[in-house]
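Here's a quick walk through a two-part topic: surface and backbone features first, then how far the predictor trusts its own output.

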Amino acid sequence: MKLPPRVEGHLALVDRAVGSLLRGWARALPEVLVFTLVIFLCGSLLFTTDGLRLLADQTLAASPELIVQRVIGGRAVPIPLTHAARLSDHPAVRRVRPRVWGSFYDATRQDTYTLMSYLPGEGPPPGARILEQTLRLDALGADEVLVGRGYAREEGLRPGDEVILTDSTGRPRIFRLAGLFTAATDLWTHDLVLVQEPALRELLGLAPGEASDLVVDLHAPEEQEAVASRLAGLLPDCRVLTRDGLRRGYHSAFGWKSGAAMGILAVLLLAFATLVWSRAAGPSQQESKEIGVLRAVGWQVREVLLLQLWRGTLVALLAYALGVLGAFLHVFRFEAVLLRPLLAGWTSLYPRFDLPPSAPGGTLLLLLFCSWGPYVCALLLPAWRTALVDPERVLRGLA
Amino acid sequence: MTLPSAAPRTALDDQPLLHFSRVGKSYRDGSREVWPLREVSFTLRAGEVGLLLGPSGSGKSTLLLLAGGVARPTEGEVELLGRSLARLPEELRTTYRRQHVGIVFQQFQLLEEERVLENVILPLLPQGVPRRVAQERARRILAELGLAALTQARAGLLSGGEMQRVALARALIADPALLLLDEPTSQLDTVTATSLLGELARLRGRGRGLLIASHDPRLVERLRPDQTYDLRDGVLTLLDGPGPA
């Protein structure tokens, strides 16, 4: 097949660029490695935060629109069920359900765990598998518990084992472990102990006419912000959290953590910048000679620059492909093992979780342009300076 | 022998191929201005061989680089095929060079990390000549110069004579009208030099102009040039030939 001369010219340049990279692999290898490492870490960070946001979004999508908590002196306290009746009367409210939950501190392990009861009507989306065993949440026995994988691991528990919890009077209560939550729900269930409501009220010392908080479903979920402010006015001793507000909070938290991690990466980025700068400072003697020879045998300045552009692009694309692939596997296959402690945990139990695999186009493009752009510029600038000089001066070593 | 030939000889062959008119070239060496060439004038026609004799440092290489449009004159005119190289914009000057001039540099200026074949096809790469075609042409020229077995050898591992021939093959690959050779025999033993001069003698019969710079006066006998000049301290003197047009 006969190709247009312009295409043939580009193919020849690409071919030459590949050949020279293979010949000079010893020089190119450190650059590719540093480059790959930077993209791997930045990519891991971005994929993890993107994945956490996506996971938070997916989970919050099944959450109630509003959560009402009673706050006294800046501290959340049990909310009387009479408040639920007042909220139910509001025309925007479709349903109000009291929730019973709390936390307890395990002095032996110095960990805080979450205790929660099953809330009828609130569960996983249809078809979602949240338990490793075939169980129904609403069929949990009065003396049975379900626990997250983190709690089970810390306590060394397996289904059928005894679980000892201490109630509000200090008396131990013995339960049987009926099952474990799946890894897919780790972000939310890792430190969770699910107990039937009567037993949980005894553990927490919660009176029958009280709840930990209230969850509110609305007729028009898209108006949750406006309704929330009206309900807050109705119950001055309460604060009303919206699902959208929680989502913003999670996004902001993950964004902040991502920024902090980026700061740690700054050292590596500095090393990369130094590499780029040394490139930009000037071509090596060998590169200068090559440019001089190419110019002397009739290459235009733009053709020399095109060759450098292809070289830089090949190095950048190779490092990009390796870095992104490595980051993808690291985050979605190996559970972001290097970044998880920094990005995910809010107790000393760092959740292990299966993030939903996703590589947003924006993230991929950001990584591409932040890596390819500076590197190619660092190659082109000195080559352009050298190529502009009379090739005679380059060949004589005068430039 | 099928070395690439320039266009068949026509009446145009009597037209000047290369014309120097009062050409001077200066460099700045610190605060001092050095003039390796002054007031150089001569004409080379298609099919002619011009020989520049002179000791090392006399300005021969500078003159060749000016003739090939690699360097620009400080004063005067260098015309190639009737076009003033100094007045051409950089891009056109480069285009003119790659279309009409082949240069064999004194130090060969090969890319030593690369293979012989890659060195030879360099001038053709950006011109859109299919790589396969360029490689076939390079192999043919290399074979005719006795280097068929070395096409895949690294240029840096060759002997001086082999490097010289690779540089000659690279200069010939684009079938130029003007071939410039800087000290073509300086790094060759007698046998290799004789062989190379045989090749050059064959090239002169193909309507191509040759301008050769050398410090070796024996080339006058062995090449039988149409014009012979002596270049000393930047001043050109005609020793034998028709003289400036």
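A patch here is built from residues with over 30% relative accessible area and no salt bridge, with nonpolar side chains joined within 5 Å. Keep in mind that this is a predicted model.

On chain A, such a nonpolar surface patch is made up of A:Leu325, A:Leu329, A:Phe334, A:Val337 and A:Leu338, which together offer about 490 Å² of accessible area. Take A:Val337 as one member: it sits in the loop that links helix H10 (301-332) to helix H11 (340-343) of chain A. Because its relative accessible area is 44%, A:Val337 is partly exposed and clears the patch cut-off of over 30%.

Now for some backbone oddities in chain B. Most residues other than glycine have a negative phi. Two residues that go the other way are set side by side here:

| Residue | Phi | Loop in chain B | Relative accessible area |
|---|---|---|---|
| B:Phe108 | about 70 degrees | between strand E6 (101-104) and helix H3 (116-120) | 4%, buried |
| B:Asp175 | near 55 degrees | between helix H5 (160-172) and strand E7 (178-182) | 30%, partly exposed |

How confident is the predictor in chain B? Its mean pLDDT is 85, with 91% of the residues reaching 70 or more. Among the elements of chain B, helix H6 (residues 190-204) has the lowest confidence, at a mean of 78, while H3(B) has the highest, at 95. Residues 5-9 of chain B stay under 50 in pLDDT, and the model gives them 15 contacts beyond four places in sequence. As for the complex, the predictor reports an ipTM of 0.84 and a pTM of 0.67.

Technical notes. Residues are numbered from 1 along each chain as its sequence is written. Chains are lettered from A and ligands numbered from 1 in the order in which they are written. This is a predicted model: local features need pLDDT of at least 70, side-chain atom pairs count only at pLDDT 80 or more; totals for chains, interfaces and linings use all residues. Side-chain values use heavy atoms; hydrogens and water are left out. Patches are made of residues with over 30% relative accessible area and no salt bridge: like charges are joined within 9 Å, nonpolar side chains (Val, Leu, Ile, Met, Phe, Trp, Tyr) within 5 Å. Accessible areas come from the Shrake-Rupley method with a 1.4 Å probe; for residues, only the protein chains shown count as cover. A salt bridge is a side-chain nitrogen of Lys or Arg within 4 Å of a carboxyl oxygen of Asp or Glu. Helices (H or I, at least four residues) and strands (E, at least two) are DSSP runs, numbered from the N terminus. Buried means under 20% relative accessible area, exposed over 50%, partly exposed in between (1.4 Å probe, protein chains only). pLDDT is the predictor's confidence in each residue, from 0 to 100. Contact means heavy atoms within 4.5 Å.
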